[in-house]
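Here is a quick tour for anyone meeting this structure for the first time. Have a look at the fold, then read on for a few spots worth finding.

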Amino acid sequence: MAIKIRKLLKKDKTALMEILHNTPEFTAEEVAVAEEVIDGSLDKPQTSGYFSLAAENEDGVFISFISYGPVPMTQHAWDIYWLAVKREFQWHGTGATLLKAAEKKIAQAGGTMAFIETSGKAQYDRTRRFYTTNDYQEICNIPDFYAPGDAKVLYQKILG
Ligand SMILES: CC(C)(COP(=O)(O)OP(=O)(O)OC[C@H]1O[C@@H](n2cnc3c(N)ncnc32)[C@H](O)[C@@H]1OP(=O)(O)O)[C@@H](O)C(=O)NCCC(=O)NCCS
């Protein structure tokens, strides 16, 4: 599937919120936090420290976004905060393409390592496999972090 990657724009917000609401992995609380990050990246990326990219398909339909930013008080570490692909477009390579585009932007901005954290719950099995397929290494696993039985799994990729 041919996709185009570009900066996230204010006009994408409605479609983006629809993706968040239709992603069963995300809780209402997570959607609210994601929206704050998105708004920061749309309104004032340099001061908020949040940046976002969008992917659209060959018909110009908004199908995915990724948000990332420098980790405060570090020199070269960046976090990938949110990544979601519209459900009917998942598993066609869009997530991997968008992740690589964000890694390129991070490297261009001087970042040398990217971090992604996710849940250890079974419903995130595919998501965790997606990260390891994309060369992220599990470097930390904190049992019961989010809730009893819900670990925090931290992944790192050295860029460049
Ligand atoms: C996790 C997520 C971002 C991955 O994005 P995606 O576009 O679905 O992922 P990709 O298509 O790039 O890769 C997924 C799989 O498809 C395979 N794939 C890639 N290109 C493909 C193609 N053209 N045809 C068929 N399969 C393909 C990849 O090999 C990969 O399989 P593997 O992990 O078993 O090796 C997406 O599924 C999603 O939004 N999930 C729900 C929300 C979420 O969990 N977000 C992350 C936490 S913030």
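## A first look around

Leaving out residues up to four places away in sequence, V31 touches M17, L20, H21 and F26. This is a predicted model, so keep that in mind as you read. V31 sits in helix α2, and at a relative accessible area of 6% it counts as buried, because the cut-off for buried is under 20%. Now for a longer view along the chain: L99 is 68 residues away from V31 in sequence, and their C-alpha atoms are 20 Å apart in space.

**Two helices side by side**

How do α1 and α2 pack? Helix α1 covers residues 13–21 and helix α2 covers residues 28–43; they pack at an angle of about 155°, with 11 Å between their axes. That makes α1 roughly antiparallel to α2, because angles over 145 degrees count that way. The crossing of α1 past α2 is right-handed. On the α1 side, the contact is made by K13, L16, M17, L20 and H21. On the α2 side, V31, A34, E35, I38, D39 and L42 do the job. Sorted by class, this contact of α1 with α2 has seven nonpolar residues, three charged ones and one polar one.

Staying with α2, G40 also lies in this helix. G40 is buried, with a relative accessible area of 7%. Setting aside neighbours within four places in sequence, G40 is in contact with P45, S48 and Y50. V153, by contrast, is 113 residues from G40 along the chain, and 25 Å separates their C-alpha atoms.

**A helix with two sides**

Next up is helix α5, residues 125–133. Which residues of α5 are buried? They are R128, F130 and Y131. These three cover an arc of only 150° around the axis, which puts them on the same side of α5. Over on the other side of α5, R129 and T133 are exposed. What do the buried residues of α5 pack against? Their partners are β4 (77–85), α4 (94–108), β5 (113–119) and β7 (150–158).

**Some unusual backbone angles**

A bit of background helps here: most residues other than glycine have a negative phi. A few residues in this model go the other way. D135, just after α5, takes a positive phi of about 70°. M73 also has a positive phi of about 70°, although it is not a glycine. D144 has a positive phi too, near 60°, and is likewise a residue other than glycine.

M73 lies in the loop between β3 (62–70) and β4, while D144 is in strand β6, residues 137–147. The loop between β3 and β4 is also the place of P72. P72 and G49 are 23 residues apart in sequence, with 8.4 Å from C-alpha to C-alpha.

Here is how these three residues compare with the solvent-accessibility classes:

| Residue | Relative accessibility | Class |
|---|---|---|
| M73 | 87% | exposed |
| P72 | 58% | exposed |
| D144 | 47% | partly exposed |

Why does D144 count as partly exposed? Its relative accessibility is 47%, and the exposed class needs over 50%, while buried means under 20%, so D144 falls in between. M73, at 87%, counts as exposed, and so does P72, at 58%.

Conventions
Residues are numbered from 1 along each chain as its sequence is written. This is a predicted model: local features need pLDDT of at least 70, side-chain atom pairs count only at pLDDT 80 or more; totals for chains, interfaces and linings use all residues. Side-chain values use heavy atoms; hydrogens and water are left out. Axes are lines fitted to C-alpha atoms, for helices over the stretch in contact, and angles run from 0 to 180 degrees between N-to-C directions. Helices (H or I, at least four residues) and strands (E, at least two) are DSSP runs, numbered from the N terminus. Angles under 35 degrees count as roughly parallel, over 145 as roughly antiparallel, 65 to 115 as roughly perpendicular and the rest as oblique. A crossing is left-handed if the near helix is turned anticlockwise from the far one by less than a right angle, and right-handed if clockwise. Contact means heavy atoms within 4.5 Å. Ala, Val, Leu, Ile, Met, Phe, Trp, Tyr, Cys and Pro count as nonpolar, Asp, Glu, Lys and Arg as charged, and the others, Gly among them, as polar. Buried means under 20% relative accessible area, exposed over 50%, partly exposed in between (1.4 Å probe, protein chains only). The arc is that of the directions from the helix axis to the C-beta atoms.
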